[in-house]
Amino acid sequence: MRLVYCILTTIVFSFLAEQVFAWWSLAVISFLSAALFYLSPARGFLSGFLSGLILWLSVSLYADIANGHILSTRMAALFHLPGATSFLVVAALVGALVGGFAGWSGALVRKYMLPAR
Amino acid sequence: MRLLRTLLLLFFTAGLIFLLDQPLSGLPALGRLLDPVNGWAAQAEPMGQFTSQDINLEALELPATVFFEERMVPHIVAQSEHDLYFLQGYIHAYFRLWQMDFQTRAAAGRVGEVVGERMAKDPRTGKIRNAVLEFDRGQRRKGMVFGAENSLEAMEADARTKLMLDAYRDGINSFITSLKFKDLPLEYKLMGFAPEPWTNLKTALLLKYMADDLTGYTEDFALTALRDALGTEQFNFLFPERRLQSKPVIPEGTAFAPASLSRPSSPPDDSVWVHFSSKAVARLDDYETAVGSNNWVLGGVHTRTGAPILCNDPHLGLNLPSLWFEMQLQSPEMNVYGVSLPGAPGIIIGFNDSLSWGFTNNYRDVKDFYEIERLNAGQYIFDGQSKNFDKRVETIGIKGKPDFTDTVYYSLHGPIMYDPSFPDPLGTGRLFAVQWMAHRASNELAAVYLLNRARDYLAFTEAIAHFECPAQNMIYADRAGNIAIWGQGVFINKWKDQGRYVMKGNTSATLWGEKIPVAENPHVLNPAQGFLFSANQITTDTSYPYWYNGYFHDFRSDRIYELLTATAPATVEDNMNMQQDVVSELARAGMPVLETLLRPDTIARAEWQGALNADSRDATRFQVFWELFYDKLWKKDFSGTLYPSPERTLDILLNDTSVAYHSAIVQAVEQVRQNWQDSLSRLAGADSWYEAKNTRLTHLARIDAFGYQHLKIGGWGVTINAAKPTHGPSWRMVVSLDKDSIRAFGVYPGGQSGNPGSPFYGSSVSRWAEGKYYRLLFLPRNAKGAQSQTHVWTLHPKGK
């Protein structure tokens, strides 16, 4: 359950932070949430990964559907990907990996500094 | 151990973020770009959600309104001149900011600052060099910034154009300052730079960019080399100064006013000319992509309604975002509609409530080269005296590399464009200065200002008098029924052949002389024939008192003349159809002769009449044959220089007197026979004409994913619908100037938005390719009906 709360928190606060700060605020939030929720390193990664994936995928899907896939199709061609969907997934995977590593880092740092609860 | 692991991971994560935040080896900063919140998806414009807005803009003097049509054409209704041009700048930036930025950077030779290094083989020397740097250096060396600065001074000295420039600049900057990273056009995110504040110099640069596109040729070098290599007689035969059967822009027989200046006599001997020892190989790609255009006007006697009809389709580079931006500008003194150039205020081609005008390139030579005899690093020889160069140190930025410093030396002829470090098209490494009308302090914007407000022919002539370079064939029609055309620009009263070849720069005998008074430029008002046209053919017959040379083309003008004289009273639709005409005079006239030589093979089916229709296979067969034949015929003697023009080649092909070339022609046909069949079989399956030629729209940053390929459109450079692979009709306009109203139609390849993520980025592409038009909505003054437009921006001066 803690994992789910952590993911929800990460998604909401990353989304808010990205309104003001640059794209990497996703990493900062993933890092902090994984630490504050006392996740294990593996779960820290999972939390950040899923948060990044879900956030970036849903924001881009929302925009892409309203846009009639015009831009995602062009972006896919730009990156030599087979289609709009694959572009959305690949782009979101970048967010997922960044979130994942940040969450893992957060959890590890927490574990090093505050090993037990 | 745990500490090490933790630190390692932290380091890795930070490194990952760092790397994704920078552009790396040609890739954009992926993190910034792929983030949907602030990156790419912020430019995915929602369909059908362009909404009405209330906008507060501090700098506005009075409230204003902008009506947007369904296809995003803005109609600005402002109450002061300042507000009008302010809003035009704001709207240009709103739709086309990156394009304006990039084009003016290109004009100024500042592409490297944002693109960095691109290594490629230099076509002049065969060495691997940074192609972007060479481009930037070329821009500086030909004096683009020098010319723009000169013109800026003239534009800012005129109160009217100063107001226009300042208000326009402020409008752009007001939009730029409202942007966050998220709002930046996608290309900025892809290329990793940000807009800088707009300046009036940028507008001047954009206008010089157009001048360069239309007058910036270097064929003087090839002609000089060819004249030396061929000898006078053969040279004049193959490269005649004028084609006798040309139908000039000003109808034959039109009386020209006697010249107020007498023609200077040519220097008595050969000492003024530069010679090239061997027949050197010139690089002439800029000449071969020469751009063209059509315009014509029918007087009331030739139209169904009795009202004049004016048509114009300027042929320019086919790029996205489109060169043109369509709009209507309305202020208490003015009501004008047409296409504007993002980066410059005013309407360039269009109509107002009294009259309409259009342009084609005039092609008279206004760019000449001089060899400079250098005395020492800082001096050169002129009339036996030493003269000092002016020096201009050009600092050229290269993203990710140290700046490059290039010193450009200015002689009294102009900047030394070519020297050993930047060789001329023949690769001689000698010093050549360029004298170019675009270097001069001209104020074309004053012409635009006055043209947009002109009410009659007199006002039209006063307006265009300010248009000095690039020279244009300016066609005119008004609602009173007048039609006119001017070969307008500023030209030098030259002695015969002056500037057609490279000249010695060490003597005053070759200096440019007086300007020809503008009133003596070739023009005609209401000619007896009742119609006028231009398509880059020669301006006048031989009765024009001044000498000039140029790069004229005839096939399109011949065809326009044929159609204009053949049709019964014409309708708007007839004129639209004429703009789609794809009949090749070259194919029609040349094919019978070529087929005779090609027997037993035939080029096309007997019923084919030379129309280069999009799905025609006959067109492909002829075009491929002609390209191979033309190349084979001239390659041996002219490889790498200039070929005799297709017009001249056709004349030789048809003319009995060309016995000298008969065997070469027969041989060339024989030699390409097999090659032609092979080329055609390679096209198998994609051999309709549009597939074979591939007319395309290329994104300005060469991003293939943002372009369009293989557009289904016929035609070629020799046909009225001059859709070549990367050049073509950039704006088609047909205007009927009826007594009670103006009916206008237009279309351009692209769309109003410059954003590849917008539904309006390429929304007109297929309509343009199909040859269909939009009815242009020209709102009358104080139009209440305008309120019914889909989207309205209501603009308020903040705090007023």
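Hi everyone, let's start inside the protein: the largest cavity holds about 280 Å³ of space. Before I go on, please keep in mind that this is a predicted model.

So which residues sit closest to the centre of that largest cavity? They are Met210(B), Leu214(B), Ile348(B), Phe359(B) and Phe467(B), out of 20 residues that line the cavity. If you have the structure open, chain B is the one to look at. Four of its elements each supply at least two residues of this lining: the helices α9 (200-215) and α13 (444-453), and the strands β7 (309-317) and β12 (355-361). As for the character of the wall, the lining residues of the largest cavity divide into 15 nonpolar, four polar and one charged.

How many cavities of 30 Å³ or more does the structure hold? The count is six. I'll show you one other, the second largest, with about 70 Å³ of space. Its lining includes Arg364(B), Asp365(B) and Val366(B), which follow one another in the chain. Aromatic side chains are there as well, among them Phe491(B), Trp512(B), Trp547(B) and Tyr548(B). Met437(B), Ile492(B), Lys494(B) and Asn549(B) also line this second largest cavity. By class, that lining has seven nonpolar residues, one polar and three charged.

Now let's move to the place where the two chains meet. Here, 40 residues of chain B are in contact with 39 residues of chain A. Together the chains bury about 3,300 Å² between them, and 76% of that lies on carbon and sulfur atoms. On the chain B side, Leu9(B), Leu34(B) and Trp40(B) lose the most area to chain A, and together they account for 19% of what that side buries.

What about salt bridges across this interface? The rule finds zero between chain B and chain A. Polar contacts do turn up, though: eleven residue pairs across the interface, with both residues at pLDDT 80 or more.

Which elements of chain B give two or more residues to the side that touches chain A? Those are the helices α1 (2-20), α2 (30-34) and α8 (186-191). Of these, α1(B) gives the most, with eleven residues. Taken by class, the chain B side that touches chain A has 26 nonpolar residues, seven polar and seven charged.

That's my tour, from the cavities to the interface. Thanks for listening, and I'm happy to go back to any of these spots on the screen.

Notes:
Residues are numbered from 1 along each chain as its sequence is written. Chains are lettered from A and ligands numbered from 1 in the order in which they are written. Side-chain values use heavy atoms; hydrogens and water are left out. On a 1 Å grid over the protein atoms alone, a cavity is a set of points where a 1.4 Å probe fits but cannot get out, and a pocket is an open set with protein on both sides within 12 Å along at least five of seven lines; lining residues have an atom within 4 Å of a point. Grid points are joined across faces, edges and corners, and a volume is the space filled by probe spheres set on the points. Ala, Val, Leu, Ile, Met, Phe, Trp, Tyr, Cys and Pro count as nonpolar, Asp, Glu, Lys and Arg as charged, and the others, Gly among them, as polar. Contact means heavy atoms within 4.5 Å. Buried area is the accessible area (1.4 Å probe) that two parts lose on being put together, summed over both. A salt bridge is a side-chain nitrogen of Lys or Arg within 4 Å of a carboxyl oxygen of Asp or Glu. A polar contact is a pair of N or O atoms within 3.5 Å; within protein, one must be able to donate a hydrogen and the other to accept it, and residues adjacent in sequence count only if both atoms are side-chain atoms.
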